[in-house]
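Let's take a friendly walk through a protein model together. Have the sequence and the 3D view ready, and follow along step by step.

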Amino acid sequence: MDCLIIGGGPAGLTAAIYLARFRRRCLLVDTGASRAAWIPVSHNHPGFPDGIPGTELLARMRQQAQRYGAELVLGRIERLESRPGGGFVAWLDDGSRHEAATVLLATGTDDVPPPLDLSHLDEAVARGLLRYCPICDAFEIIGRRIALAGSGKCRIREALLLRSYTADLSLLTLREPWDLPEDERRTLQDAGIDIIEAPATDLAIEGDCFAVRTTRGQTHRFDSLYVALGLHARSALAMALGAAHDADGALIVDAHQQTTVPGLYAAGDVVQGLAQISVAMGQAAIAATAVQNSLPLRLAREGDG
């Protein structure tokens, strides 16, 4: 086949749509674990002024890719190898073997979850009580009581971004004591951000808010809790082939979205950069077009429909 696409989120599905419309044979393999499916309603995705749930966006994109002939299967790539003469071989968890001239990795990332016993995590995300991305949805929490949770450290830029949406912002650390340099602490305090000194020991949903209990026995309640503990890229398949990456596993690509492994492309959250649906789609369009240009010319035949 021309291209194996690994991952069925916005990036992988965009690539499948493009490659299918380029009349290339592509197979998309997806585990069904796209972070986009966690989005209750996205209000910053262009073209949907009233918002669109992540699951609905993915369903629409799957339908569009299949309409143009892309093959989509549910499964997991267990192993990916490069062939000495060029191209790749992949083995799925069902035992099947597939060869492809190129591979586009769109496997995304995993959010680092709170290091506390938090039951009903899915419910908390669905209700907007637990949030991960201020760039995506801080507009929805304007004027509300918000907390930003880290683990000893604080993402200053993220805290200041949230402070532009609400005057009632607190910082808390999960289990670990604060390790804030004085200049950072002063920046936060000058911005009117409250720093809860005692580490949190327990998070619980109470009605329409999050209750946070600390080591000093205090309880703080918030309308929403943002967790800023980082991301881990799902890049093990590419790393096994020697693809360059950063400390979090995010892949390093060139202007055409090609990794340091020839013929291996990557797009979306698995790549270094801004983790946004629109960015993932743009990267996938670039990658799919680069794949098309790298393959031998496909000549149409008379009578092709």
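**Starting from one strand**

Look first at strand β11: Leu-169, Leu-171 and Thr-173 point one way, Ser-170 and Leu-172 point the other way, and all of them are buried. Keep in mind as you look that this is a predicted model. The strand spans residues 169-173, and five of its five residues are buried, so "buried" here calls for its cut-off: under 20% relative accessible area.

Which strands pair with β11? On one hand there is strand β10 (residues 146-150), which runs parallel to β11 and is joined to it by five bridges. You can find two of the partnerships yourself: Leu-148 has Leu-171 as its bridge partner in β11, and Gly-150 has Thr-173. On the other hand there is strand β12 (residues 194-195), which pairs with β11 in the parallel sense over two bridges. Here, Ser-170 stands opposite Asp-194 of β12.

Now follow the chain between these strands. From β11 it passes through helix α6 (residues 182-190) to reach β12, and this β-α-β crossover is right-handed. Another right-handed β-α-β unit is made by β10, helix α5 (residues 156-163) and β11.

Let's step back to the whole sheet. As background, strands of a sheet pair through backbone hydrogen bonds, either parallel or antiparallel. In this model, five strands form an open sheet in the order β9-β16-β10-β11-β12, with parallel pairing. Why do β9 (130-131) and β12 each have one side without a neighbour in the sheet? Both stand at the edges with a single partner strand each, so one side of each is left free of a neighbour. Helix α5 packs on this sheet, where it touches β10, β11 and β16 (224-227), and its direction makes about 150° with that of β11.

Finally, turn to a pair of helices. Two packed helices are described by the angle between their axes and the distance between the axes. For helix α1 (residues 10-21) and helix α8 (residues 277-294), the axes come within 8 Å and cross at roughly 35°. Their crossing is right-handed. Which residues make the contact? From α1 they are Pro-10, Ala-11, Thr-14, Ala-15, Tyr-18 and Leu-19, while α8 brings several, including Ile-277, Ala-280, Met-281, Ala-284 and Val-291. Sorted by class, the contact of α1 with α8 has 12 nonpolar residues, two polar ones and no charged ones.

Definitions and conventions:
Residues are numbered from 1 along each chain as its sequence is written. This is a predicted model: local features need pLDDT of at least 70, side-chain atom pairs count only at pLDDT 80 or more; totals for chains, interfaces and linings use all residues. Side-chain values use heavy atoms; hydrogens and water are left out. Buried means under 20% relative accessible area, exposed over 50%, partly exposed in between (1.4 Å probe, protein chains only). Helices (H or I, at least four residues) and strands (E, at least two) are DSSP runs, numbered from the N terminus. Two strands pair if DSSP finds at least two bridges between them. A crossover is right-handed if, with the strands pointing away from the viewer, the path from the first strand over the helix to the second runs clockwise. Axes are lines fitted to C-alpha atoms, for helices over the stretch in contact, and angles run from 0 to 180 degrees between N-to-C directions. A crossing is left-handed if the near helix is turned anticlockwise from the far one by less than a right angle, and right-handed if clockwise. Contact means heavy atoms within 4.5 Å. Ala, Val, Leu, Ile, Met, Phe, Trp, Tyr, Cys and Pro count as nonpolar, Asp, Glu, Lys and Arg as charged, and the others, Gly among them, as polar.
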